[in-house]
Amino acid sequence: MSKRARLITGLIILTVGMTVPSLIALAAGRADIASAIFLPVMAGMLPMGAAGPRAALLAIPVLTVASALAGVAQGDAVLAALTMAATALVIGLACRFGASKALVMVPITVGFVVCLPPSLDADSVINVGLVALVTIVGSLWGAGLGWVVTRTATKPAMKPETWQRTWASAITLAVLTGAAAGISVATNWGHTGGWFVLTVVVVFQPYLRDAFHKTLQRAGGTVVGIAVALVINLVITNGTVTAILGAILFPVAIVVLIKPKYPYWMFAAVLTPAIVLLEGSAPSVVTTAFARLAATFAGAAQSLVAVA
């Protein structure tokens, strides 16, 4: 099998495979679980595909515990901020071993869960347990898919950082994301708050030069991605179909992220419509896309102020 054929086969397996947990939940009459499990699947798939089992073994427990705490924190801005900050601190420390890039979906997922906690049961205790269960099942499934498809692939070389820069970066990221989550919950931003946290995670860099460079790439990629999402929404009005398209784009984003030859703005341009279409398929893709744009500029501005 040629290299291109293996790539296409892998993308098909990831795309189809990542929808299986949601399809099972829908068949069981649990549309809420079907929606809640998508991001954990992504958060398990990316570290396994980009860095291997060790990164996935760190991602899954951190994501599960943080998601459970997010369920406890419903409406509590302080607890939400602390949960988000602790998650970002742990993931930020992975920078010491060069693994933070592969773990980027963990704080992104926790950001969405903190800002818009899943309501899977009327009983608060049972709800927290279900959120944790959905998270660990979804992330394990995603990690398994990532392993099946990339087990023989050459992973990109890690670029470890010094402890001094690692701690400075991790603490700053914890403060920024914690503040973003706290503000989002306190003001009831919901979905938009998740994008606020997402942008802070992606934009932030320890040095100002890097931050401006990544901010420009992020902004450019976001504009392109939103344009793609809006065009798709104008052409296709069926929410199920747009969600499937989002599921197709996410594995492509993984490939773009782990291939050094692709610039960062291309990753942003593919990731943006993938999550906008997945997260926005239920209410309105157009509304989601413009909320995403507003949150992106808010998160980018906060990150730049922090490193200025």
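## Exercises on helix packing and buried residues

T166 touches G92, L93, C95, R96 and E161, leaving out residues up to four places away in sequence. Keep in mind that the model is predicted. Here are some exercises to try on it, each with a worked solution.

**Exercise 1.** Find the element that holds T166, and decide whether T166 is buried or exposed.

*Solution.* Start with the element: T166 sits in helix 8, which spans residues 163–186. Next, take the relative accessible area of T166, which is 0%. Buried means under 20%, so T166 is buried. Finally, look at the partners: among the residues that T166 touches is C95. With a relative accessible area of 14%, C95 is buried as well.

**Exercise 2.** Work out how many disulfides the structure holds, and classify C115 by its accessibility.

*Solution.* The test for a disulfide is a pair of cysteine sulfur atoms within 2.5 Å. The structure holds 0 disulfides. For C115, the relative accessible area is 9%. That value is under the 20% limit, so C115 is buried.

**Exercise 3.** Describe how helix 4 packs with helix 6, giving angle, distance, handedness and contact residues.

*Solution.* Two packed helices are described by the angle between their axes and the distance between the axes. Helix 4 covers residues 53–72 and helix 6 covers residues 105–115; their angle is about 15° and their axes lie 9 Å apart. Angles under 35 degrees count as roughly parallel, so helix 4 is roughly parallel to helix 6. The crossing of the two is right-handed. Helix 4 brings A59, V62, L63, A66, S67 and A70 to the contact, while helix 6 brings V106, T109, V110, V113 and V114. Sorted by class, these residues of helix 4 and helix 6 give 9 nonpolar, 2 polar and no charged.

**Exercise 4.** Repeat the analysis for helix 3 and helix 4.

*Solution.* Helix 3 runs over residues 38–50, and its angle with helix 4 is about 155°, with the axes 7 Å apart. Angles over 145 degrees count as roughly antiparallel, so that is the label for helix 3 and helix 4. Their crossing is right-handed. The contact joins P40, A43, P47 and M48 of helix 3 to P53, A55, A56, A59 and L63 of helix 4. By class, the contact of helix 3 with helix 4 has 9 nonpolar, no polar and no charged residues.

**Exercise 5.** Place T87 in its element, then list its contacts beyond four places in sequence.

*Solution.* T87 belongs to helix 5, residues 77–93. Its relative accessibility is 3%, so T87 counts as buried. Setting aside neighbours within four places in sequence, T87 is in contact with V62, A66, V106, P107 and V110. Among these partners, V62 and A66 are part of the helix 4 side of its contact with helix 6, and V106 and V110 are part of the helix 6 side. As a distance check, T87 and V72 are 15 residues apart in sequence and 15 Å apart in space, C-alpha to C-alpha.

**Exercise 6.** Compare the surroundings of I171 and N188: is each buried, partly exposed or exposed?

*Solution.* I171 is in helix 8, and at 44% relative accessibility I171 counts as partly exposed. N188 lies in the loop between helix 8 and helix 9 (191–203). The relative accessible area of N188 is 67%. Exposed means over 50%, so N188 is exposed. One backbone detail completes the picture: N188 has a positive phi of about 60°, although it is not a glycine.

How values were computed
Residues are numbered from 1 along each chain as its sequence is written. This is a predicted model: local features need pLDDT of at least 70, side-chain atom pairs count only at pLDDT 80 or more; totals for chains, interfaces and linings use all residues. Side-chain values use heavy atoms; hydrogens and water are left out. Buried means under 20% relative accessible area, exposed over 50%, partly exposed in between (1.4 Å probe, protein chains only). Axes are lines fitted to C-alpha atoms, for helices over the stretch in contact, and angles run from 0 to 180 degrees between N-to-C directions. Helices (H or I, at least four residues) and strands (E, at least two) are DSSP runs, numbered from the N terminus. Angles under 35 degrees count as roughly parallel, over 145 as roughly antiparallel, 65 to 115 as roughly perpendicular and the rest as oblique. A crossing is left-handed if the near helix is turned anticlockwise from the far one by less than a right angle, and right-handed if clockwise. Contact means heavy atoms within 4.5 Å. Ala, Val, Leu, Ile, Met, Phe, Trp, Tyr, Cys and Pro count as nonpolar, Asp, Glu, Lys and Arg as charged, and the others, Gly among them, as polar.
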